[in-house]
Every structure is written in structure tokens, then in C-alpha cells.
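Student: I have a new model open on my screen. Can we go through it question by question?

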Amino acid sequence: MERPKMAELESLETAAEHERILREIESTDTACIGPTLRSVYDGEEHGRFMEKLEARIRNHDREIEKMCNFHYQGFVDSITELLKVRGEAQKLKNQVTDTNRKLQNEGKELILAMEELRQCRLQQRNISATVDKLTLCLPVLEMYSKLREQMKSKRHYPALKTLEHLEHTFLPQVSHYRFCKVMVDNIPRLREEIKELSMSDLKDFLESIRKHSDKIGETAMKQAQQQRNLDNIVSQQPRISGGKKSKKEFSASSELEVKNTSPMSEQDSGILDVEDEDEEEEVPGAQDLVDFSPVYRCLHIYSVLGARETFESYYRKQRRKQARLVLQPPSNMHETLDGYRKYFNQIVGFFVVEDHILHTTQGLVNRAYIDELWEMALSKTIAALRTHSSYCSDPSLVLDLKNLIVLFADTLQGYGFPVNQLFDMLLEIQDQYSETLLKKWAGVFRTILDSDNYSPIPVSNEEAYRKIVGQFPFQDAELEKQPFPKKFPFSEFVPKVYSQIKEFIYACLKFSEDLHLSSTEVDDMIRKSTNLLLTRTLSNCLQNVIKRKNVGLTELVQIIINTTHLEKSCKFLEEFITNITNVLPETVHTTKLYGTTTFKDARHAAEEEIYTNLNQKIDQFLQLADYDWMAPEPGSRASDYLVDLIGFLRSTFAVFTHLPGKVAQTACMSACKHLSTSLLQLLLEAEVRQLTLGALHQFNLDVEECERKSPNLVLVLVLVLVLVLVLVLVLISWEKDPNLMIPTQGIITLHHNSQTNA
């Protein structure tokens, strides 16, 4: 029962739906009827809808037929009008067609232009989009290009900053592009490459400063030299004029014939002799010669990368190695001053660089590290100087070395390094300098003594006289009153030796300059060295001259006269030292000069040599004696050898008039005594076994000749006369009794007894 009801309800609904669709078809535009019809075909009541539709079509056909029948005449009229309109419409169509053709023909260019415009608009949109994208990408590419350029130009620190800016600012904006991903992947490699390149620059820097440290040191030492010159000009201005005056006097006093033999000339004044230069060219700063940017860049790069400790450790390790290389002196350093200068320049250059690094970086090096290096350098430098300076035999080189060490010490002291040990070592070198001076002056003295003619110096005019007096402190009123030409009592070696002693004192004074010594210490050093010069060097030279085999009595007499005048000049040497050191000789610790003792010893040696030479000459003459002890008759005059001997003695004693009275008297008495003893020995020789009265008379003639020509021999020859008389009496007794033979031994015994009793 319910099923029929439901079927009836569904049929009603379907009929209502079909009715609605039909109304919609009737009222809707034909173009939009598709969805309505589709809803019919989607349903299952297609046949019933078709029936409904056909029924609706039949209804409309009947209505159209009714309407046509009702309006048939109007329809005919409309058709007639429509036919008329068709002709006009055809004309209008033709006109429209022509117009359209013309329009098409005319619009082709416009269409082409519009197409081009469309393409341009499309390209413009693409370009605009591209520009927008490139606006984002170009800064990235520019930064990357800038990074590569900085790396290529070795600007590593800016390159690292650019890399960080690129990584954190630009790349995140375009991270979706593939090339940006490649850049991001390359950033760690680029950072490591920058690190390696900066380290390479640092290595190049270390190698460069190792090679050019001598130039850096040379510049620093020139600056120190200029500063010291300025300080001397400012602080010692009152003493400059006085010093130049004494130097001028010293130069005038040293104008001798042995000028070429002087061991200290102007060219030996050392590296400090720059005071005579009126203008000095400006020396660039030591830091101006070095580009420290590789160190700073590498330090900053490693600091940014978090590897600062690694960098500091590497830098210090490499510099320690370089320090050991710098402190190793060349084997031939002692041969020239340039060897020492290059050695010092390298050391100074090394520590100038380290001092600059200390003050321009924060923590790369510290004071403890610098002090450790300096202690090592100081010990090695002092050891090297002690070793190599011991080979120096030239005082000029030692003096220049001293000046160079002082400049070396002053330069480093200006950078804050303690240098007291260097000045202590200079006091050790001072002893060596004195020894080399003594050796050199020994050669000078030998040259002077060997080239001297040992004759009084003749002067023919006032200028020559004043020149000698200016060289040697000599005053003699009687000599000044004598007319020219006249002679000084001493020979040329007196003023030459005196001037060379003053030169030696100046040489000693040169070494004491800039050593920070007190006046008393300088005075003591000069006096001790001068004492060694007098008591050892000059004394040995004089002794060697005196002891030479070919030295004559005239030379010995002149040596005695010369040493006498040199002995008197010792007080002037004392005053000379006092004037240049400003230390009075009355000071408690002042050392006295021993020149008086030196010249006295030399004079005594010369006196003894005179006595010996006189005796040797007498012996040479006596060797010519040829007595015929068996001569029956004596000769008519004294023997020839004795006449020659007496002539020699008289000429020799005439030379002794210039000697002190005691010396001349002693020489005469010694010669006479030796002559009498030698004559007596002729009678007492063992070979003389027999004597004739004629031989004794001849001997007596010789003795009387000695008495007559040399009154000084009277007292000495009395004993010889007594002996001759005894022999005469013995011979008279022998003539009375020819069988009586008296051996000479008995006479000798008698002679000895008589001498003893006397």
C-alpha cells in the first residue's frame, strides 16, 4: 500500500521537475541551455521528459498556428518589407565588406605594430623582472668579485672582512639561486686560503727582515749618532772651542819627518768622526724602511679566525731562530771594521723590529720575551767580541771597534735595553788596546831611533829654531844668544820621541771617550798606559840601540845627552796629562810617571856601554902591539900603536865634554885604568920568558909617551913605571952575571907583592 503511494509521490516530483526544466528552457538563452539539458540526461526519466517535451512542442505549434492565422496579412506585409530590406541589406553588406576589406588592409600595419608592442611589453616585463632579480644578485657578485680582487692583491684582512659581509648579509637574500649555493660551499675554502696566504706573506716578511736587518740597524745607528752629535753640541758647547784649539796645537806639534810613521792619523779617528761635517743628510726612521703591515694583517686574520695563540707561537719561534742566526758572527769578522759593523747592524736591526712590534701590537710579543732574547744576545755578543777582538793587532781597528761598540750600546740603550755589560767589556778591550798601542809605538820608536843620525840638530834660522822648540820643551839662554847657525845639544830623536809620547797619550785619551768614566779614571788609565810605554816599550828600544854591535862611542854619548833632556821633559808630560784630564797631580790616587827612572836606566846602560866600548877599542889597539922582548937596542920613539891609541883617546875624551862631569870623569878613569892594566899584563904574559934592556927601554918610552900626551894617565901608570924600574935593575944584575937566569914568574910574584904592599 505504501509502495503505490511512494511511486505516486515520485511521479509527481518528476512531473514537477520536468515542468521546471521546460519553463527554464523556454525562458533561458539558447547558449545557456546546455546545463539544463544535461540535467535531463543525467536523470533516469529521459523518455517521460521527451514525452513532456513533445507535448509542449505540439502546444506551441498550435499556438503559433493560431497566431499565424490571426496575423497572416501582417506576416505577408512583413515578408514584402523584408524582401525590400534584403536588397538594401545586400548593398549594406557589400559596403560593410568593402569597408572591412579596406579596414583590414589599413589595419595590417597597426596589427603588426600592436604585435610588436605586445612583444615589447612582454620583454619589458621580463626585463623588469630580470632587473629586480639582478638587483638582488649583483651585490653578491660584486662582493665576490671584490673578494677575489682583494685576495689577488694580497689584501687579506679586507678580503676576510668582505667574506664575512658576503656570508652574513648578501648571500641570505639570494640563497635560492644555485650559484649562491656554490658560493656558500666555497666560503670555508676561501677562509682557509686567506689564512694560508696571510701566513705566506708573514713568512716573506720574516725572510725579508732577516736579509735587511743590517740596513735597518745601520739606519738606527745613524739616528743614534746624529742624536749624540746634537746632544754633544747642546751640552758641551763651551768645551768645543777649547778642544779644537788643543787639537790644532797637537797637529802642529806632530809635523815631523816621521809623520808617515805615526800610528794614529786622521783617517784612524773611527766611525764617530762626523763632527766636522757642516750638514748631515736626514736619515729616515728605521720603521720607515720596513712595512709591518703583513704582521698586522696576519695577526688580525688569525685573531678573527680564533687562532691568535697559534700565530703568536709561530712568530716567536721563528724570531728566536733568526736571533740565533744573527748572533752567530762570521769567522773573519776580526779582519775588518766592516765585519763588526755588519754584525752590530744585524743585531740592532733585529731588536729595533722587535721593539716596534712590542709597541704596536697587543700581546704578540711581551717584555719578558724581549728581555729573554736580549739576555741571550748580550751574552753571545760579548763572547763573540772577546774572541774576535783578541785577534786585533791594529790599534786603529781596536779604537774604531770601541767607537762602534759605544754607538751600538747607545743605540740599543735608546730603545730601552740595558747595556752596562757592554761598557764593562770595553774596559777589558782597553787593556788589549793599550797592548796594541805599545806594539805599534815600539815600531815607531825603532824607526825613529834607527833613522836618527845621533848628531846635534843644526838650525840656520829663527823659524827652524822655533819649530824645534815648539816640538820639544827646551830652554837655554846661552843657546838663544848664540848667532845662527847653531846647534841643539840633542839629536832629532828627542823631539820626535817626545811628540810620539804625546801622540800616544792622545791615542789613549781617544779610547776613554764616551765610556762614561770619571776624570780620575781617565787620568789613571792614561798614566798607567804611558808608564808602560816609557818603562817597557821605549826602554826596550833604547836598550836595543845601546846594545847593538855597530853602535859607536859618539852615538852612545849622544844617547846619554838625549836621555838627559828627555828625563828633564817628564815634568812637562805630567803637565800635559794634567791639562787634558783636569786631574791635579796632587790628587791622592793619581799615578806618577816613571819616565825619570826609564831615562836614567837607559843613560846608565849607555854609560856602561861606553866604558865597555872604550876598553874594547883599547884592546884592539893593544892587539897591534908587537914588542921584541929580545931587542938589543930600544927605538928612537914610542910605538906606533900607542901613538894611535893616545890620539884616539884624546879625540874621544874631547867628545865627552858634552857629558855630565861625573860621567866623563868616570869614563876617562875607566879607560886609563884599563890601559894601565893591559900594559902591565903585556909584561906579565906567560910567553915572555926573557927580556932585554933594550926592550924594557922601549916599553919605558911608551909609558913616558902616555904620561906626556895624556896627563890623566900619570897616577894610573906610576905602578907600571915602578915595575919597569924593577925590571931594569934586574937586567943590570943579569948583565953583571950572565949565568944568572931569572924567570919571569919571579918577577910576576914580586910585582904582585909590591902591588899588595902598595
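Tutor: We start with a cut-off: a residue is buried when its relative accessible area is under 20%. Keep in mind that this is a predicted model.

Student: Is Cys 570 buried or exposed?
Tutor: The cut-off for buried is under 20%. Cys 570 has a relative accessible area of 7%, so Cys 570 is buried.

Student: And Cys 137, buried or exposed?
Tutor: The same test works here. Its relative accessible area is 6%, and the limit is under 20%. Therefore Cys 137 is buried.

Student: How many disulfides are there?
Tutor: The test asks for two cysteine sulfur atoms within 2.5 Å. By that rule, the number of disulfides is 0.

Student: What share of the protein's residues is buried?
Tutor: The protein has 758 residues. It is built with 25 helices and 2 strands. The share that counts as buried is 41%.

Student: What part of the exposed surface comes from carbon and sulfur atoms?
Tutor: The protein exposes about 43,700 Å². Carbon and sulfur atoms supply 53%.

Student: Which helix gives the most residues to the largest nonpolar core?
Tutor: That core has 148 residues. Leu 202, Phe 344, Phe 351, Phe 488 and Ile 501 have the most contacts inside it. The top contributor spans residues 420–451 and gives 13 residues: helix H13.

Student: How many residues does the second, separate core have?
Tutor: Its members include Phe 170, Ile 187, Leu 190 and Ile 194. The count for this second core is 20 residues.

Student: Which residues does Leu 202 contact, leaving aside neighbours within four places in sequence?
Tutor: Leu 202 is among the residues with the most contacts inside the largest core. With its sequence neighbours set aside, the partners are Val 295, Cys 298, Phe 311, Tyr 314 and Tyr 315.

Student: Does the span of helix H8 agree or disagree with 1.5 Å a residue, and what is that span?
Tutor: H8 covers residues 293–304, which is 12 residues. Its buried residues include Val 295 and Cys 298. At 1.5 Å a residue the helix should span 16 Å, so it agrees with the distance between its end C-alpha atoms, 16 Å.

Student: Where is the kink in H17 centred?
Tutor: H17 runs over residues 519–546 and reaches 38 Å from first C-alpha to last, close to the expected 40 Å. The kink is about 35°. Its centre is Ser 539.

Student: Is Gln 430 buried or exposed, and what is its relative accessible area?
Tutor: Gln 430 lies in helix H13. It touches Phe 511 and Met 525, not counting residues up to four places away in sequence. Buried needs a value under 20%. Gln 430 is therefore buried, at 11%.

Student: What is the phi of Tyr 454 near?
Tutor: Most residues other than glycine have a negative phi. Tyr 454 has a positive one. This residue is in the loop between H13 and strand S1, and it counts as buried at 6% relative accessibility. Its phi is near 50°.

Student: Which residues does the cis peptide bond with omega of about -5° join?
Tutor: Most peptide bonds are trans. One partner, Pro 485, is found in the loop between helix H15 and strand S2. The cis bond joins Phe 484 and Pro 485.

Key
Residues are numbered from 1 along each chain as its sequence is written. This is a predicted model: local features need pLDDT of at least 70, side-chain atom pairs count only at pLDDT 80 or more; totals for chains, interfaces and linings use all residues. Side-chain values use heavy atoms; hydrogens and water are left out. A nonpolar core is a set of buried Ala, Val, Leu, Ile, Met, Phe, Trp, Tyr and Cys residues joined through side-chain atoms within 4.5 Å. Buried means under 20% relative accessible area, exposed over 50%, partly exposed in between (1.4 Å probe, protein chains only). Helices (H or I, at least four residues) and strands (E, at least two) are DSSP runs, numbered from the N terminus. Contact means heavy atoms within 4.5 Å. Accessible areas come from the Shrake-Rupley method with a 1.4 Å probe; for residues, only the protein chains shown count as cover. The expected span of a helix is 1.5 Å times one less than its number of residues. The bend at a residue is the angle between axes fitted to the seven residues ending there and the seven starting there.
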